Amino acid sequence: MAITIKEIAALLDEVEFGYKIHEDGDMIVSGGGSKENRLAYFIMTREDGDIFEMEGRLLTDDREDQIKAKEHKHLAVLLSYLLKRNYDTKFGTWEFNPETGLIRVMVEIPLEDNTLTAKQMKRITNFMISCSKEAGEIKHILETGEVPEESEDESMEMMRRMIAELQARVEAAEAGED
């Protein structure tokens with residue numbers, strides 16, 4: 001029992017989530033989050049509707065382009081943060097493409113012989129909207145190299161200490177110290 005873009009649009013109407021169907025009719029596009037921490041959303045199906053995907057892409061402050069972190073000086077901190085966020089969530093994954101440097105959040109649901117319900121769609125869209133907080137934290141990490149304090153807990157603090165220790169060892173090795 002596959003799902004179509006038209007059926008997804010009906011579910012989005014039911015949960016009152018704004019969207020536009022792409023001109024090709026094979027994708028739904030939307031946007032969300034706060035004014036400063038905006039995500040562009042793309043909803044599509046794969047395998048003839050057997051897989052539902054909703055992707056959130058982080059946008060720059062001027063909303064003209066996606067945030068990229070390829071070879072960024074704070075990439076280690078960013079990747080640790082993304083792994084921690086993935087560990088803390090029940091579904092949805094933060095992803096980093098090392099070839100392009102793009103960062104995105106993705107929800108993929110295999111439907112096979114099922115379909116989505118309005119309740120599931122509400123949970124998915126609420127999750128994606130909540131990711132705008134992480135978008136702001138990711139921007140902060142890329143600017144400062146530090147995880148914002150409000151998102152820290154004991155494990156994040158431990159990761160920060162480990163990253164600082166690793167960076168100190170790299171600097172020592174580069175200076176010829178053992």
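Is P98 buried or exposed? P98 is exposed, at a relative accessible area of 58%. The model is predicted.

## Overall make-up

The chain holds 4 helices and 6 strands. Read from the N terminus, the order of elements is α-β-β-β-β-α-β-β-α-α.

Of its 178 residues, 41% count as buried. The chain exposes about 10700 Å². Carbon and sulfur atoms supply 49% of that area. Consider next the contacts between residues at least 6 apart in sequence. Among these, 56% join residues at least 24 apart.

## Helix α1 against helix α3

Helix α1 covers residues 5-14, and helix α3 covers residues 118-144. Their axes come within 9 Å. The crossing angle is roughly 75°. The range from 65 to 115 degrees counts as roughly perpendicular, so α1 is roughly perpendicular to α3.

On the α1 side, the contact is made by I8, L11, L12 and E14. On the α3 side, A118, M121 and T125 take part. By class, the contact has 5 nonpolar, 1 polar and 1 charged residues.

K119 also has its place in helix α3. K119 counts as exposed because its relative accessibility is 72%, and the cut-off for exposed is over 50%. K119 and L11 are 108 residues apart in sequence. In space, their C-alpha atoms are 9.1 Å apart.

## Helix α2

Helix α2 spans residues 75-88, which is 14 residues. What end-to-end span should this helix have at 1.5 Å a residue? The expected value is 20 Å. The end C-alpha atoms are 20 Å apart, so the model agrees with the expectation.

The buried residues of α2 include L75, V77, L78 and L82. S80 and Y81 are buried too. So are K84 and R85. Buried here means under 20% relative accessible area.

## Loops with positive phi

Two residues other than glycine have a positive phi: D48, near 55°, and E112, near 45°.

D48 is found in the loop between β3 (38-46) and β4 (51-58). At 76% relative accessibility, D48 counts as exposed. E112 is found in the loop between β6 (103-110) and α3. Which exposure class does E112 fall into? E112 is partly exposed, because its relative accessible area is 45%, and partly exposed runs between the 20% and 50% cut-offs.

## Two further loop positions

P98 sits in the loop between β5 (93-96) and β6. P98 and K70 are 28 residues apart along the chain. How far apart are the C-alpha atoms of P98 and K70? They are separated by 6.2 Å. The exposed class of P98 follows from its 58% relative accessible area, because exposed means over 50%.

G25 lies in the loop between β1 (20-21) and β2 (28-33). G25 counts as partly exposed, at 37% relative accessibility. G25 and M44 are 19 residues apart in sequence. Their C-alpha atoms are 9.8 Å apart in space.

Note on methods:
Residues numbered from 1 in each chain as written. Predicted model: local features only at pLDDT ≥ 70, side-chain atom pairs only at ≥ 80, totals over all residues. Heavy atoms only, no water. Helix = DSSP H or I, 4+ residues; strand = E, 2+ residues; numbered from the N terminus. Expected span 1.5 Å × (residues − 1). Buried < 20%, exposed > 50% of the residue type's maximum accessible area, 1.4 Å probe, protein only. Contact = heavy atoms within 4.5 Å. Areas by Shrake-Rupley, 256 points an atom, 1.4 Å probe, with all protein chains shown as cover. Axes fitted to C-alpha atoms, helices over the stretch in contact; angles between N-to-C directions. Parallel < 35°, antiparallel > 145°, perpendicular 65-115°, else oblique. Nonpolar A, V, L, I, M, F, W, Y, C, P; charged D, E, K, R; others polar.
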